[in-house]
Amino acid sequence: AFWGAPVAMEDHALRACEAAWDSQQALRVLRYRWEQEGLPPFRARIGVNTGVMLVGNIGATERMNYTVMGDPVNLGSRLEGLCKIYGIEIAVGEATQALLGDSFVTRPVDCVEVKGSSEAVVFHELLGPKEDIDPELQAFGRAYAAAFEHYRARNFSEARAGFEASLALREGDISARTLMERCSAYLREPPPDDWSGAFRLKRKR
C-alpha cells in the first residue's frame, strides 16, 4: 500500500502509520477470536518507509499494475523483515519517523546495514498513538532511546545498563536483549575505531 499518489497529500507518512497501527489492532481482535476457536495464532509484520520513488502503470500490456518502485520501496520491504529479527510488529524508517511529529510514540531500535545496501539506516518501532499509550510503555521507550544513544557513542557499559533497565520495563523485549548482549560482546572485544554504530545483517529477513 502507498500514500501520496496519484493524489498528493502532505500527511502521507501519518496516514501510512495510522493504517499500519489500525491493521495490527484489528488483527489482535481476530487473533483472539481465532485462538478461542482452536485455530493457530496468526501474526503479521509491517514495514513503513518514506522517500522519492517511481509511481505509475508498470508492466506490459498483458499484465499492468499501478504501483511504486525504487530504493525506498525496497527498504520498506527490508524493514518488514527486520520486525521478525527484533521481535516487533511495525518498523518505520527514519524519514517516516521524522514526519510523524508527536502523533505517535516511537523508539529507535537499531542502526543496521541491510543486505543489498552498504548504507546504514536507523529504524524505529511504532509504539502507539500518543493519546493512547500507557505511561510504562512511554518510560520503556525513553529508557531504550537513552541506552541507544550511549550505544552509538561507544559507551557500552552505560548502554548495557540502560538496555537492562528497559528490559525490566518491557519483559521479553527481543531488541533490548539483543543489544544488551551485543554491548557485552563489545566490552570483551571493542569494535574497530572506524565503527559507525551500524550492525551488518547477512540476511534479508
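Author: Buried means a relative accessible area under 20%, exposed means over 50%, and partly exposed is in between (1.4 Å probe, protein chains only). This is a predicted model, in which local features need pLDDT of at least 70 and side-chain atom pairs count only at pLDDT 80 or more, while totals for chains, interfaces and linings use all residues. Residues are numbered from 1 along each chain as its sequence is written, and side-chain values use heavy atoms, with hydrogens and water left out.

Reader: Why is Cys-83 called buried?

Author: Its relative accessible area is 1%. The limit is under 20%. So Cys-83 is buried.

Reader: How do you know whether Cys-83 is in a bond with another cysteine sulfur?

Author: By distance. A disulfide is a pair of cysteine sulfur atoms within 2.5 Å. The closest cysteine sulfur to that of Cys-83 is in Cys-17, 12 Å away. That is too far for a bond. Cys-183 is in no disulfide either, as its nearest cysteine sulfur, that of Cys-111, is 14 Å away.

Reader: How many disulfides does a search of the whole structure find?

Author: Zero.

Reader: Is Cys-183 buried or exposed?

Author: Buried. Cys-183 has a relative accessible area of 0%, and the buried class takes values under 20%.

Reader: What makes H4 roughly parallel to H6?

Author: The angle. Helix H4 covers residues 135–152 and helix H6 covers residues 174–188 (helices are DSSP runs of H or I, at least four residues, and strands are runs of E, at least two, numbered from the N terminus). The two pack at about 25 degrees, with their axes 12 Å apart. That makes H4 roughly parallel to H6 (roughly parallel is under 35 degrees, roughly antiparallel over 145, roughly perpendicular 65 to 115, and the rest oblique). Axes are lines fitted to C-alpha atoms, for helices over the stretch in contact, and angles run from 0 to 180 degrees between N-to-C directions.

Reader: Which hand has the crossing of H4 and H6?

Author: It is left-handed (the near helix is turned anticlockwise from the far one by less than a right angle; clockwise would be right-handed). On H4, the contact is made by Tyr-144, Phe-148 and Tyr-151 (contact means heavy atoms within 4.5 Å). On H6, it is made by Ser-175, Ala-176, Leu-179, Arg-182, Cys-183 and Tyr-186. Seven residues of this contact are nonpolar, one is polar and one is charged (Ala, Val, Leu, Ile, Met, Phe, Trp, Tyr, Cys and Pro count as nonpolar, Asp, Glu, Lys and Arg as charged, and the others, Gly among them, as polar).

Reader: What makes H4 roughly antiparallel to H5?

Author: H4 and H5 pack at about 165 degrees, with their axes 8 Å apart. That makes H4 roughly antiparallel to H5, since the cut-off is over 145. H4 passes H5 in a left-handed crossing. The H4 side of the contact includes Phe-140, Ala-143 and Tyr-144, and the H5 side includes Gly-162, Phe-163 and Ser-166. By class, this contact has 11 nonpolar, three polar and two charged residues.

Reader: Why is Ser-166 called buried?

Author: Its relative accessible area is 0%. Under 20% is buried, so Ser-166 qualifies. Ser-166 is in helix H5 (residues 156–169). Leaving out residues up to four places away in sequence, Ser-166 touches Phe-140, Ala-143, Tyr-144 and Ala-176.

Reader: Why does Thr-178 count as partly exposed?

Author: Thr-178 is in helix H6. Its relative accessibility is 27%. That falls between 20% and 50%, so Thr-178 counts as partly exposed.

Reader: What about Arg-154? What makes it partly exposed?

Author: A relative accessible area of 30% puts Arg-154 in the partly exposed class. Arg-154 is in the loop between H4 and H5. Its phi is near 70 degrees, a positive value in a residue other than glycine.

Reader: How do you know whether Arg-31 is buried or exposed?

Author: Arg-31 has a relative accessible area of 8%. That is under 20%, so Arg-31 is buried. Arg-31 is found in helix H1 (residues 12–36). Not counting residues up to four places away in sequence, Arg-31 touches Pro-41, Phe-42, Arg-43 and Glu-89.

Reader: Why is Leu-201 called buried?

Author: The relative accessible area of Leu-201 is 11%. The class needs under 20%, so Leu-201 is buried. Leu-201 lies in the segment after strand S7 (199–200). Among the residues that Leu-201 touches are Leu-82, Ile-85 and Val-112, not counting those up to four places away in sequence.
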